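Grab a coffee and work through these short exercises on one chain. Try each task against the structure before you read its solution.

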Amino acid sequence: MRTLLALPCALIACATAEPIAAPTPASGPTRLEALPRPAPPFDAKGFAADQLTPLECEKSARHLYELRPDQGWAALVACVERSRWPRGEFTHLELLTRGTWDQELQTRPEAARMIAKVVALRGGDVEGDIPLVQKSRIPLFTLAAALRQPDVYKGRWVLVRGALSEIRQDGNKAAAIMRETSLRATAHEVQDGSISRVDRTSSGRASAEAQTSRYGNARGSAQYSSSGRTEYSTVKQKFENERVETGRRAVGKLPQADPFLEPEKDFLFLARFDGVNPGQDQQPVAMLSIAGYFQPNALLIQ
């Protein structure tokens, strides 16, 4: 006798009453959408720190500039701002003014400060370096040009080498009273090589005989000797850079009194030219707004 087991409808009949529809296959491969990860910001200081010399740094920045101009410019600024290079500071002004960077140097707001630092690292010869800078039409000018045509140069960048007489404080305002200085080539004769010495000695004998009718005959003799030394050397003309005052004066507005601006020391000032005021002796005094300053290198590079 067979025993039939009755199963609930829910498990058999109801579950198989209608066929189960198969899922419609996708028309193409499944895509996994992901948000793009933003690229890390360009590390210009790290770029400069990886370079061995300023020459290599400028070259690498130039190659980067051809691909990504903004990053290339930031890399160049970092090359100049880097200090304590193991093989000399960034003094290659001719690299900046040979054409590649002209457009950036004419338009970038930080270009004037960068050029001012390079000039200071080269020794602070404003009169010698500004003509090279202006070949690239970089808007950086001398104090002499600004004083000759104040209306033309008002509001423009000037580069001034000067020594402070004093800093005056009036409340929150400070002003630096300065005298412009310059470097002038002065010729000197210096010894070239060692000194040569020549010793000389001479000797001789002399005799004389005289006869007179009154006092008789006389005879005499004498010996003599002499010695001496002559020293000589060759000399050559050497030119040294002598610091001189030009007679031009300026008053520079400062955000605040700066204790590192010591009186009677030369500094290289980057400033906006604001115009002129008559001085006590009818000599015009330049009015400046100082944006930054650097201490010029003692070694002058030409």
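**Exercise 1. Work out the handedness of the crossing of H4 and H7, then list the residues that make the contact.**

Solution. This is a predicted model, so keep that in mind throughout.

- Step 1: H4 passes H7 in a left-handed crossing.
- Step 2: their axes come within 10 Å and cross at roughly 35 degrees.
- Step 3: from H4, the contact uses Trp73, Leu76, Val77, Val80 and Glu81, and from H7 it uses Ala111, Arg113, Met114, Lys117 and Val118.
- Step 4: sort those residues by class and you get seven nonpolar, no polar and three charged.

**Exercise 2. Decide whether H7 is largely enclosed or not, and say why.**

Solution.

- Step 1: go along H7 and pick out residues under 20% relative accessible area, the cut-off for buried.
- Step 2: that picks out Ala111, Ala112, Met114, Ile115, Ala116, Lys117, Val118, Val119, Ala120 and Leu121.
- Step 3: ten of the eleven residues of H7 are therefore buried, so the rest of the structure largely encloses this helix.
- Step 4: look just past the end of H7, where glycine 123 has a positive phi of about 115 degrees.

**Exercise 3. Place arginine 122, judge whether it is buried or exposed, and find what it touches.**

Solution.

- Step 1: arginine 122 sits in the loop between helix H7 (111-121) and helix H8 (126-134).
- Step 2: its relative accessible area is 5%, so arginine 122 is buried.
- Step 3: leave out residues up to four places away in sequence, and arginine 122 touches Thr91, Leu93, Glu94, Asp129, Leu299, Leu300, Ile301 and Gln302.

**Exercise 4. Describe how H3 and H4 pack, starting from their angle.**

Solution.

- Step 1: helix H3 (residues 54-67) and helix H4 (residues 69-81) pack at about 165 degrees, with axes 6 Å apart.
- Step 2: angles over 145 degrees count as roughly antiparallel, so H3 and H4 are roughly antiparallel to each other.
- Step 3: the crossing of H3 and H4 is left-handed.
- Step 4: on the H3 side you find Cys57, Glu58, Ala61, Leu64, Tyr65 and Leu67, and they meet Pro69, Gln71, Gly72, Trp73, Ala75, Leu76 and Cys79 in H4.
- Step 5: by class, this contact of H3 with H4 holds ten nonpolar, two polar and one charged residues.

**Exercise 5. Find out how many disulfides there are, and say which parts are tied together.**

Solution.

- Step 1: check for cysteine sulfur atoms within 2.5 Å of each other; the count comes to one disulfide.
- Step 2: cysteine 57 and cysteine 79 form the disulfide, with sulfur atoms 1.9 Å apart.
- Step 3: the S-S bond has -80 degrees about it, and the link of cysteine 57 and cysteine 79 is left-handed.
- Step 4: cysteine 57 is in helix H3 and cysteine 79 in helix H4, so the pair ties together parts 22 residues apart in sequence.
- Step 5: cysteine 57 and cysteine 79 are both buried.

**Exercise 6. Zoom out and describe the protein chain by its helices, strands, buried share and contacts.**

Solution.

- Step 1: the protein chain has ten helices and six strands.
- Step 2: of its 302 residues, 34% are buried.
- Step 3: take contacts between residues at least 6 apart in sequence, and 67% of them join residues at least 24 apart.

Terms used
Residues are numbered from 1 along each chain as its sequence is written. This is a predicted model: local features need pLDDT of at least 70, side-chain atom pairs count only at pLDDT 80 or more; totals for chains, interfaces and linings use all residues. Side-chain values use heavy atoms; hydrogens and water are left out. Axes are lines fitted to C-alpha atoms, for helices over the stretch in contact, and angles run from 0 to 180 degrees between N-to-C directions. Helices (H or I, at least four residues) and strands (E, at least two) are DSSP runs, numbered from the N terminus. Angles under 35 degrees count as roughly parallel, over 145 as roughly antiparallel, 65 to 115 as roughly perpendicular and the rest as oblique. A crossing is left-handed if the near helix is turned anticlockwise from the far one by less than a right angle, and right-handed if clockwise. Contact means heavy atoms within 4.5 Å. Ala, Val, Leu, Ile, Met, Phe, Trp, Tyr, Cys and Pro count as nonpolar, Asp, Glu, Lys and Arg as charged, and the others, Gly among them, as polar. Buried means under 20% relative accessible area, exposed over 50%, partly exposed in between (1.4 Å probe, protein chains only).
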